[in-house]
Every structure is written in C-alpha cells, then in structure tokens.
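Please look over the structure below with salt bridges and enclosed space in mind. A short report follows.

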Amino acid sequence: MTSRIITTVSMGVIMIVICLCLLSMSHQSRKTRFRRHVGRKCFIKPLRSVSEFYHYFEKIEYKCNSLKPFGMRPLREDGAKFVCLDEKFGLKRNACTVLSFGVNYEWEFEDDMDDYGCKVYAFDPTMQTQNDNKRSERISFYRLGIGDIQGTRNVGMGQDFDYFKVDRYENILHMLGLQDARVDYLKMDVELSELEFLRDVLRNNPHYLTNVGQIAMEIHHGYNGEGLDQKPPRVGPLSPTSTLPLFWSHFQELRCLGFRLVHARENSPWHEVLWARADHW
C-alpha cells in the first residue's frame, strides 16, 4: 500500500515537472518570437546618399486594393489622409479606433472617421481656444501634444514654435485605457515632433506599435534634412543631426516591426506616408 502511494506521488511529481518544463519552453519560445517581432535584432542599413533617402518614398511595398482618402477638402488635398480598407488590416466600419495627433482646427479627417463609425481620440496642444471636450459622441479632444517627455516643451518648427504641454505615447495610451487595445489607425501631423515620438516608442516601448494597424505620418524632413528647424543647426544632409539619417533608421525599425509602405506622396518640402502592418505578408 505504502509502495503504491509513493509510486503515485512520484508520478504526480514527474507530471508536475514535465508541465513546468513545457510551460518554460513555451514561455521562452514566445519570448524569442516577441524579441524578434519587436525588432531587437533589427539590422539598420546606413544611409549612403540623399537620393537613397528620397528613393524610399517611391518603393511601395504593398499595393492596397482599397485605398480611400478621409478628410478631403474642396480644392485641397493636403488635409486628406489615406486609409487602406483591405480586409487584412482589419479596419472595420463601426468597430475601429483612431488616434489623431495634430488637428489645427481642421476637423475634416476626424469627422470623416467619425462618420465611418470609428472612435476618435484627437490631440493638439496648440489649439488654445479649446479645452478637453467631446466634439461628438465618438470624438474626444485633448489639448495635449506628443513627444518623448512628460511635461512642457517647444512645439513647432523654425521660428514658428511655442511651449506647450506634451506627453509620451505610452502615457497617453494608459490615460485612454488603450495600452492593451488595438489602435486601427494612428495619424500624426505634428511639425517634426514625429521624430521624438518615433525615437521614444521604438527605443522604449516598441511592443505598443504591434497593436497598431496603420500609421499615417507627415515626415517633416525639409529639403536637405534641416526639417525647417535650425535649433540645433544641422550641418549637411547626412550629418548626425540631420533629419534624413534619423528618419532613415526609424523607417527600417518600423519595417522590422512588420510595417510596410503602402502609400506616399510629396507635399514639398516633406512627404506624407502610410504604413500598414500585418502579422503575415
């Protein structure tokens, strides 16, 4: 009897050990996949020339079969943002979430996404005549900017800037309760603050971007990498402080996270781009 009990207990211990080993292996496998997924082993190719940088915008990596402009204004195209409605990206009518950074009192894009049935969170620290409010049942506005710090800093380009309240992407997601939720569309037109956003999230919290379906961004690189920002002075288009190599490295990091260039258009002296992300290409 005692022998049978010992045997049963031993088998139970063995089964527990086996289960723990399997769980550990599964965890390590997920951890390995996660590290590879968020781009920790991402190879960054150096930028060799200015022409190579501009050639990036010509190399569309995925042909969207249903590319639609949202926010089109009469006689103007620069306010519109393109959205890929292909099924693989999962942006569904009446079941979508949009984060929009940079409004400047021009609500056409946000209103169109509202009409499509998306819940829209809009941000702009420069709209001093508006406080945090609900523009509609589905549009919430916050007088807050995006950056790589939590606090107050200069927002704008060249001589056209002032000091406004900004916060990091991670903190904003937590404020909205979206840290574990899917963001179907992330729009960013923030006068060079996109560099701070990219640097912060790609270095510190790249996993948050794996919950994003599409990123529409105006890239304020300027004519020769100056970004129309002379503070600090940027000496030469390929210098360490030029915007061109800075953006170049971030483009590649986004690709390592699964984003592909879907659309790009020149809006001199910069470019508007749309990246979309899928788990399998």
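Does Arg 255 count as buried, exposed or partly exposed? At 43% relative accessibility, Arg 255 falls in the partly exposed class, because that class runs between the 20% limit for buried and the 50% limit for exposed. The model is predicted.

**Salt bridges**

Arg 255 has a partner. Its side chain meets that of Glu 61 in a salt bridge, at 2.6 Å from N to O. This pair links distant parts of the chain. Arg 255 sits in helix α6 (residues 243-256). Glu 61 lies in the loop between α2 (50-55) and β1 (67-70). The two residues are 194 residues apart. Glu 61 is also partly exposed, with a relative accessible area of 34%.

Side chains of opposite charge can pair when their charged atoms come close. By the rule used here, the structure has 16 salt bridges. Among them are these three.

| Pair | N to O distance |
|---|---|
| Arg 255 and Glu 61 | 2.6 Å |
| Glu 272 and Arg 265 | 3.1 Å |
| Lys 45 and Glu 52 | 3.4 Å |

Take Lys 45 and Glu 52, whose side chains meet in a salt bridge. Lys 45 is partly exposed, at 34% relative accessible area. Glu 52 is buried, because its 13% relative accessibility is under the 20% limit.

Now take Glu 272 and Arg 265. Both are buried. Their side chains form a salt bridge at 3.1 Å, N to O. Glu 272 and Arg 265 also belong to a network of salt bridges that includes Lys 81 and Asp 189.

**The cavity**

How many cavities of 30 Å³ or more does the structure hold? It holds 1. The largest cavity has about 80 Å³ of space.

Which residues line the largest cavity? From the early part of the numbering come Ala 80, Lys 81 and Phe 82. Tyr 185, Ala 216, Met 217 and Glu 218 are also in the lining. His 263, Arg 265, Glu 272, Val 273 and Leu 274 complete the list.

Four elements give two or more residues each to this lining: β2 (81-84), β11 (212-219), β12 (259-267) and β13 (270-277). By class, the lining residues divide into 7 nonpolar, 1 polar and 4 charged.

The two topics meet here. Lys 81, Arg 265 and Glu 272 are among the lining residues, and these three are linked with Asp 189 in the salt-bridge network.

Methods
Residues are numbered from 1 along each chain as its sequence is written. This is a predicted model: local features need pLDDT of at least 70, side-chain atom pairs count only at pLDDT 80 or more; totals for chains, interfaces and linings use all residues. Side-chain values use heavy atoms; hydrogens and water are left out. On a 1 Å grid over the protein atoms alone, a cavity is a set of points where a 1.4 Å probe fits but cannot get out, and a pocket is an open set with protein on both sides within 12 Å along at least five of seven lines; lining residues have an atom within 4 Å of a point. Grid points are joined across faces, edges and corners, and a volume is the space filled by probe spheres set on the points. Ala, Val, Leu, Ile, Met, Phe, Trp, Tyr, Cys and Pro count as nonpolar, Asp, Glu, Lys and Arg as charged, and the others, Gly among them, as polar. A salt bridge is a side-chain nitrogen of Lys or Arg within 4 Å of a carboxyl oxygen of Asp or Glu. Buried means under 20% relative accessible area, exposed over 50%, partly exposed in between (1.4 Å probe, protein chains only).
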